[in-house]
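I sat down with this one to look up where the empty space is and what holds the metal. These are my notes, in the order I made them.

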Amino acid sequence: MGIDLLIRSANLADGRTGVDIAIKDGHIAQMRPGIDSPGDEEIDASGCLVSAPFVDAHFHMDTALTDGLLRPNSSGTLLEGIGIWSELKDRLTYEGIVERAMRYCDWAVARGLLYIRTHVDITDPRLLAVQALLEVKRRVAPYIGLQLVAFPQNGILRTPTSMDNLVRSLSMGVEVVGGIPHFERTMADGAQSVRQLCELAASRGLRVDMHCDESDDPLSRHVETLAAEATRLGLQGRVTGSHLTSMHSMDNYYVSKLIPLMREAGLSVVANPLVNITLQGRHDTYPKRRGMTRVPELIAAGIDVAFGQDDVLDPFYGMGSADMLEVAHMGLHVAHMTGSADVLHAFSAITEVPARILGLEGYGLAVGRRADLVVLDARDPFDALRLRAGRLHVIKDGRVVSRSASQRAELFLPGREARVNFGRPILGSSP
Ligand code: FE2
C-alpha cells in the first residue's frame, strides 16, 4: 500500500508515544509504532504532540475584526459594545464581511483551528451577513468546516421581524437554530422564545445553540426551560446552552437540581472564558465575580463542556487571534482546572468535545478517520496549553495546509551558549 504522508514518532493526547501515522487518500490508514514502508512525504514528529485539529464551538464571524471600524470600545463593556454594533451593522457591506471572514479563516488555519460554529446575526432584514457567511462557508470548505447558527441578536419576541428572518435564514442554508432568551423583554417572553425556537428546530430536524443567561443575574434561569424543552421534544444530544454565565452566581441549592436536569436533557454547554471573564462582573465592586459558568461541576456530572472563542477584535472583545489554546489556557485558570486530569479536560474542551457538539463525523485520530491533524511544538496536552504551543504542521484531508517555525531561542551568554525550547523537565529526572 502506498502512503501519501507519513508522520513519524508522534506523541498522542492519550499518552501513547512513538506512534507512526500513515495517511492515504485523505484518511488515516495505519497508526502504530514502526511502520516500515516510506511515505511519499514524511514529517518527523519526534517529541511532538500530534492532535486532532482544534474546534471552536462558539464564534461570531460576522463581527470579527470590526473593532475600531466605527470607533473603539472605550469602556470595554458589553453595553458600549452592543451600542457600537447596532450602529455598525446597518453600514456593513457584503464584500467587507466576506473579506474579514476570509482573513479570520486564514488565521484559524495557521492556528490548527479547522472547524468553527459561528453564530450569524439575522436581525438585519437584508440578511447580508447570512449571505456573506454562506459564501465564505462555500469558499473555505476545502480547509475549514463552518457551521452557521441563526442568531437573533435583538430577540425574536422583542423584534417583530426576527422570527421571519430566522426562518428565511434556515431556508437559505443556515443549519442551527439560535436564540437569546435573556434579552427578551420579560422572563416569560424568554421562556416562550425558548419553546418556539426548540419547536422550530424539532420540526426541521435541526440542532439548537442558544446564547442563554449571559448575565450575572442569578435569577436568569432560561437554561432550565432549555433543558425541559430538549427533553419534551426529544432533542437530547442536539441542544447547546452557550455562555450560561448566570450559573456562576446562582444559589447552590438550585444548581443541585439544575445540573441533573441538564444531564437528563443531554444538554451540552459552551463556556467562553476570554469573553466571560471580561464582560461579566462589570457591575461588581469587590469581590468581582468571574462570570464563567460552573465548568468543573458540569463536567463532573457527565455533561459535555466546550470552551469557545466567541469574539475576536470586535466591539465586544478587542483581543484574540483564533488561538484555541489561548482560550483553554484562560478557561483552566478561571475555572481552577489546574489539576492534571483537569488540564486534559481543558484540552478536550477545544478538540473532541466541541467536535461532538457540532456533530462532526470522521473526526479524531483513529484508523479510518479523516486525516485532519496538527503537529504541535509541545510534547503533551499539558505543555501545549502551558506554552500555547506553535502549530508546526497543520494537515487537512492528508494535505499540509500550514507550517510554522518552532518556538525556540538561541542564547549568547557570558561563558556559555544555550538553546531553549521552554519544554518542562521530564518527570522522574533527578530532584
Ligand atoms: Fe456569543
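What follows are my entries on the metal site, the pockets, the cavities and one residue pair.

**Entry 1: the metal**

I kept in mind from the start that this is a predicted model. I began with the iron ion and asked which protein atoms serve as its donors. I found His58 (NE2), His60 (NE2), His211 (NE2) and Asp310 (OD), lying 2.2 to 2.4 Å from the iron ion. Along the chain, I read the spacing of these donors as H-x1-H-x150-H-x98-D. I then placed two of the histidines: His58 sits in strand β6 (residues 54-60) and His211 in strand β10 (residues 207-212), so this pair ties together parts that are 153 residues apart in sequence.

Next I looked at the geometry. The angles among the four donor atoms run from 86 to 176 degrees, and the site comes out as irregular. Tetrahedral would need all angles between 85 and 135 degrees, so the 176 degrees at the upper end rules that label out.

Are His58 and His211 buried or exposed? I got 0% relative accessibility for His58, which counts as buried. For His211 I got 2%, and that counts as buried too.

**Entry 2: the largest pocket**

I noted a volume of about 750 Å³ for the largest pocket. Its lining has 33 residues, and those closest to the centre are Leu78, Ile82, His182, Phe183 and Glu214. Two elements give two or more residues to this lining, α1 (78-89) and α8 (273-279). I checked which element gives the most, and it is α1, with six residues. Sorted by class, I have eleven nonpolar, 15 polar and seven charged residues in the lining of the largest pocket.

**Entry 3: the second largest pocket**

Here I found about 350 Å³ of space. The second largest pocket has 18 lining residues, with Ala13, Asp14, Thr351, Glu352 and Leu365 nearest its centre. The elements giving two or more residues to that lining are β5 (49-51) and α11 (340-348). The largest share, four residues, is from α11. The class split is ten nonpolar, five polar and three charged.

Which domains does the lining of the second largest pocket draw on? I wrote down at least three residues from each of domain 1 (3-52 + 364-409) and domain 2 (54-358).

**Entry 4: closed space**

I then searched the whole structure for cavities of 30 Å³ or more and came away with two. The largest cavity holds about 80 Å³ of space. Its lining is made up of Asp62, Trp85, Lys89, Leu92, Ile97, Asp121, Asp124, Leu128 and Ala129. Helix α1 turns up again here, giving two or more residues to this lining, as does α3 (128-140). By class I have five nonpolar, no polar and four charged residues around the largest cavity.

The second largest cavity has a volume of about 30 Å³. I listed Asp377, Leu387, Gln407 and Asn421 as its lining. That makes one nonpolar, two polar and one charged residue.

**Entry 5: one pair**

Last, I looked up Met102, which is found in helix α2 (residues 94-110). At 18% relative accessibility, Met102 counts as buried, since the cut-off is under 20%. I also took its distance to Lys137: the two are 35 residues apart in sequence and 9.4 Å apart in space, C-alpha to C-alpha.

Terms used. Residues numbered from 1 in each chain as written. Predicted model: local features only at pLDDT ≥ 70, side-chain atom pairs only at ≥ 80, totals over all residues. Heavy atoms only, no water. 1 Å grid on protein atoms, 1.4 Å probe; cavity = no way out; pocket = protein on both sides within 12 Å on 5 of 7 lines; lining within 4 Å. Points joined across faces, edges and corners; volume = space filled by probe spheres on them. Nonpolar A, V, L, I, M, F, W, Y, C, P; charged D, E, K, R; others polar. Domains from an automatic or database assignment. Donors = N, O, S within 2.8 Å, 3.2 Å for Na, K, Ca; no water. Tetrahedral: all angles 85-135°; square planar, octahedral: opposite > 155°, others 65-115°. Buried < 20%, exposed > 50% of the residue type's maximum accessible area, 1.4 Å probe, protein only.
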